[in-house]
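Please open the structure in your viewer and set the display to a cartoon view. The tour below proceeds selection by selection.

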Amino acid sequence: MAKITYITHENEKYTIEVQNGLTVMEGAIQNDVPGIDADCGGGMACATCHVYVKEDWFNKLPKKENGEDDMLDMAFEPKTNSRLSCQIIVSDEVDGLEVNIPSKQA
Amino acid sequence: MNKTDALIIGAGPTGLFTAHQLKLIGLDCEIVDNLDKIGGQCIELYPDKPIYDIPAVPECTGEELTNNLISQLKPFDIKFHLSERVEEVKKEDANWLVKTSSGNTFLTPNVIIAGGVGSFEPRKFAPKECEQYENKSLFYSVKDKNIFKGKTVSIFGGGDSALDWAIELSKDCKINLIHRRDEFRGAQATVDKMQELVKSGKINLFTKYQMANARGDQKLESIDIKHDNNEIKNLKSDYVLGFFGLIMQLGPIADWGLNLNKKTIEVDTEKFETNQKGIYAVGDICNYPGKLKLILSGFHEGALAARACFKLARPNEKYRFEFTTTSSNLLKRLGKKE
C-alpha cells in the first residue's frame, strides 16, 4: 500500500491509498482522479496517462523501459520529468509519491 | 445516396467481424473508417506486437489478425469507405441518414459504431498561437510537397514521418529538424541518413527543443523553440510540419444524442443497442456492467448486434439461427456450395 498524491493542473490535490501491484494510472482511474485518460488501458500505446514526477522522486523510481520515451515523444507538453503513469508500479517504496497532471492529455 | 442494411463505423477487428456476421445472415453492409487503411488500432498502434488472447490463435500480430479477418471476408462483397469520418447521424423516418467528411451519404435502418476509442486524429502543437496557421502554413501531414520548394521548413518529431520528410524535403528546401530529446525512434538507417545530412549542412538539427510560439501577422514568419534549459531560439520559417503520431478522439460521435460514460457508449447486452433505436455500439467503445476491452468480446458483441439489425432491415422476415457447418443457405453465401 502506498499513498499517492495526484495534483491536477488547477492545483487540486487527490491523495489516494493505492494497493501494491496496481499502477499509478490505475490508482487514478479507479478513484476518478480527473485528467488521466489512459485510452489504451495501460498498454503503453497512447501517451494519455502522462504525468510529471517531482525531480527527487523521478530519480528514485525504476528507470523507464524501452518504448516509454518513444511514446512520451507524442505526449502533450512532455518535459524531462515526464512519465507514463501506467508504467509506474505501486509498492511500499513509492509511498508518498507526488505526480502532477498536465493541463491536457492531447 | 447509398442504401444499405447496416453501416459500420470503424474497420478494426470488431467492425470487420461484425461485417462478416451481417453478410453471413444475408444482410448488406458498408464500412466507413477515418484511417486510410483497414485494421484500426491493431494496424495503427501495434501492427508488430504479438497478441496472445484470441481464442484458437495462440499468437498473432495486429497485422496478421487484420489480414486474417480480411481474408475471412473474401466470400463477401463489402464496400469500404476509408479516409472518411462520419460527421452526422440524423433520424429520417425509420432510417438513419449518415453523412461523412467526404460528402458521402448513407440511408440505413442500422448504424453499428465499432469505433474503438474514437477516430484517429493528429496530435497537435501545444501553444495556442499555432492554431491560426493550421492548414495554411502549419500542417500535420503532407498533401502536396511542391508548395515547400525553395522555402524554409521547420519539422518537429523524432519518428519515421519526421525523419523521412526532413530527408526528402532537404533536396530543395532549407530544413530545421526539431526534437525534444537526442534519441530518435525512427529506423536506424533513416536516422543515419539524417545525421549525414546534418553533417553536410543540409539539415539544421535542434534537439532538446520544443515548439514555444508561432509568429507572423497574416502568414507565418518565424517560430520560437524552447530548450530543456529554457533558452529560446527564434527560427525563420515559411512552413511548419508536426509529426507527433495520432490520438484517438471521440469526435462527432459525442453529438449524436447517445448515452455517454467518459469516452464510452452505454449499451444493453442483448442487442448492444444504444439509447437510440437502430444505433448499436460494439467493441472497445461500448460499455455495460462487466465490459472487458478484449478483441474476443468485440466479436461476440458484433455477432449479437448483427442479429438485432436483421429485425429492422427485414421487418417481414423471421431470423433463423443456423450453423455454418450444416446450413446450405450459409454455405452458399460463403461460396462453398452452388
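The stops run from chain A to selected helices of chain B.

This is a predicted model, in which local features need pLDDT of at least 70, side-chain atom pairs count only at pLDDT 80 or more, and totals for chains, interfaces and linings use all residues. Residues are numbered from 1 along each chain as its sequence is written, while chains are lettered from A and ligands numbered from 1 in the order in which they are written.

**Stop 1: chain A**

Select chain A and colour it by secondary structure. Three helices and five strands appear, where helices (H or I, at least four residues) and strands (E, at least two) are DSSP runs numbered from the N terminus. Their order along the sequence is β-β-α-β-α-α-β-β. The radius of gyration of chain A is 12 Å, close to the 13 Å given by the globule rule for 106 residues, so the chain is as compact as a globular protein of that length. That radius is taken over C-alpha atoms, and the rule is 2.2 Å times the number of residues to the power 0.38. The C-alpha trace of chain A spans about 30 × 30 × 25 Å along its principal axes.

Of the 106 residues of chain A, 39% count as buried; a residue is buried if 20 or more other C-beta atoms, placed from the backbone, lie within 10 Å of its own. Contacts require C-beta atoms, placed from the backbone, within 7 Å. Among those in chain A between residues at least 6 apart in sequence, 67% join residues at least 24 apart.

**Stop 2: helix α1 of chain B**

Next, select residues 13-24 of chain B, which form helix α1. How many of the twelve residues of α1(B) are buried? Ten are, so the helix is largely enclosed by the rest of the structure. Among them are B:Pro13, B:Phe17 and B:His20. The end C-alpha atoms of α1(B) are 17 Å apart, in agreement with a span of 16 Å at 1.5 Å a residue, the expected span being 1.5 Å times one less than the number of residues. Just after α1(B), B:Gly26 takes a positive phi of about 95°.

**Stop 3: B:Ile295**

Move to B:Ile295, in helix α6 (residues 295-313) of chain B. B:Ile295 is buried, with 23 other C-beta atoms within 10 Å. Not counting residues up to four places away in sequence, B:Ile295 touches B:Pro13 and B:Ile54. Now add B:Ala162: B:Ile295 and B:Ala162 are 133 residues apart in sequence and 32 Å apart in space, C-alpha to C-alpha.

**Stop 4: helix α5 of chain B**

Finally, select residues 188-199 of chain B, helix α5, whose twelve residues reach 17 Å from first C-alpha to last, close to the expected 16 Å. Just after α5(B), B:Gly201 takes a positive phi of about 80°.

Terms used. Contact = placed C-beta atoms within 7 Å.
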